[in-house]
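Let's take a walk through this fold, strand by strand and then into the core. Keep the viewer open and rotate along as you read.

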Amino acid sequence: MKNLIVLAAVLPFLLLFMMQFTLDQRNSENIGRLQSYVYTAKEEAKQAGCFNDEIEAQMRKKIARDFQINDEEIHVKVTKEVQYRVNRFEEDQNVPSRGMIYYRIAVPIEKVIAGNKFFGIEDKENEGKYIIESYTASERLPSVTE
């Protein structure tokens with residue numbers, strides 16, 4: 001009887017560990033796919049010289065589909081002006097130089113902790129954002145007519 005009482009007390013905690021492991025795996029797979037989509041879009045933007053509307057729309061569509069979220073929930077801030085390849089970059093690391101393409105993509109993560117109500121954590125507190133933010137060098141060459 002003593003073992004049954006101990007099992008009844010410990011079993012919910014053991015189940016929470018299993019649920020957390022599964023949730024971590026799902027979030028990790030989503031983040032991996034997000035990184036892949038952003039990397040693909042970044043490589044296309046390097047060739048185009050900026051994140052044009054087509055590249056951004058394609059990336060948003062893939063992210064919204066895989067994360068099962070609305071397009072408005074994806075926060076994207078990118079360089080829209082065409083940047084051209086340069087031979088030298090600015091010396092100051094804090095100032096974005098010519099030829100650099102900026103991108104910042106933020107996607108909400110709905111659940112971070114499994115069984116949050118069990119621990120007294122509200123759903124509003126159990127969410128976060130995964131943010132990818134960086135610069136990349138443009139590979140677009142200025143044409144003779146530009």
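**A sheet, a helix across it, and a core**

Strand E1 (residues 75-78) and strand E2 pair in the antiparallel sense, with four bridges between them. Keep in mind that you're looking at a predicted model. Two spots help you find this pairing on screen: Lys-77 stands opposite Arg-104 in E2, and Val-78 has Tyr-103 of E2 as its bridge partner.

Now step across to the other side of E2. Ten bridges join E2 to strand E3 (residues 128-137), and these two run antiparallel as well. A handy landmark here is Ala-106, which stands opposite Ile-131 in E3.

Put the pairings together and you get an open sheet of three strands, in the order E1-E2-E3, with antiparallel pairing. E1 and E3 stand at the edges with a single partner strand each, so one side of each is left without a neighbour in the sheet. Ignoring direction, neighbouring strands of this sheet are turned by 10 degrees against each other on average.

How enclosed is strand E2 by the rest of the structure? Eight of the ten residues of E2 (residues 100-109) are buried, so this strand is largely enclosed by what surrounds it. If you're tracing side chains along a strand, here's a rule to carry with you: in a regular strand they alternate between the two faces of the sheet.

Next, bring in the helices. Helix H2 (residues 53-67) lies across E1 and E2, running at about 20 degrees to E2. Helix H1 covers residues 2-48, and Asn-30 is found in it. Is Asn-30 buried or exposed? With a relative accessible area of 11%, Asn-30 falls under the 20% cut-off, so it counts as buried. Leaving aside neighbours within four places in sequence, Asn-30 is in contact with Asp-66 and Phe-67, and H2 spans residues 53-67.

That leaves the nonpolar interior. The largest nonpolar core has 20 residues, and those with the most contacts inside it are Leu-34, Phe-51, Ile-63, Ile-74, Ile-105 and Val-107. The elements giving two or more residues to this core are H1, H2, E1 and E2.

Ile-74 makes a good place to stop and look around. Which residues does Ile-74 touch, leaving aside its neighbours within four places in sequence? Its contacts are Arg-60, Ile-63, Ala-64, Ile-69, Ile-105, Ala-106 and Val-107. Ile-63, Ile-105 and Val-107 from that list also appear, like Ile-74, among the residues with the most contacts inside the core.

Notes. Residues are numbered from 1 along each chain as its sequence is written. This is a predicted model: local features need pLDDT of at least 70, side-chain atom pairs count only at pLDDT 80 or more; totals for chains, interfaces and linings use all residues. Side-chain values use heavy atoms; hydrogens and water are left out. Buried means under 20% relative accessible area, exposed over 50%, partly exposed in between (1.4 Å probe, protein chains only). Contact means heavy atoms within 4.5 Å. Two strands pair if DSSP finds at least two bridges between them. Axes are lines fitted to C-alpha atoms, for helices over the stretch in contact, and angles run from 0 to 180 degrees between N-to-C directions. A nonpolar core is a set of buried Ala, Val, Leu, Ile, Met, Phe, Trp, Tyr and Cys residues joined through side-chain atoms within 4.5 Å.
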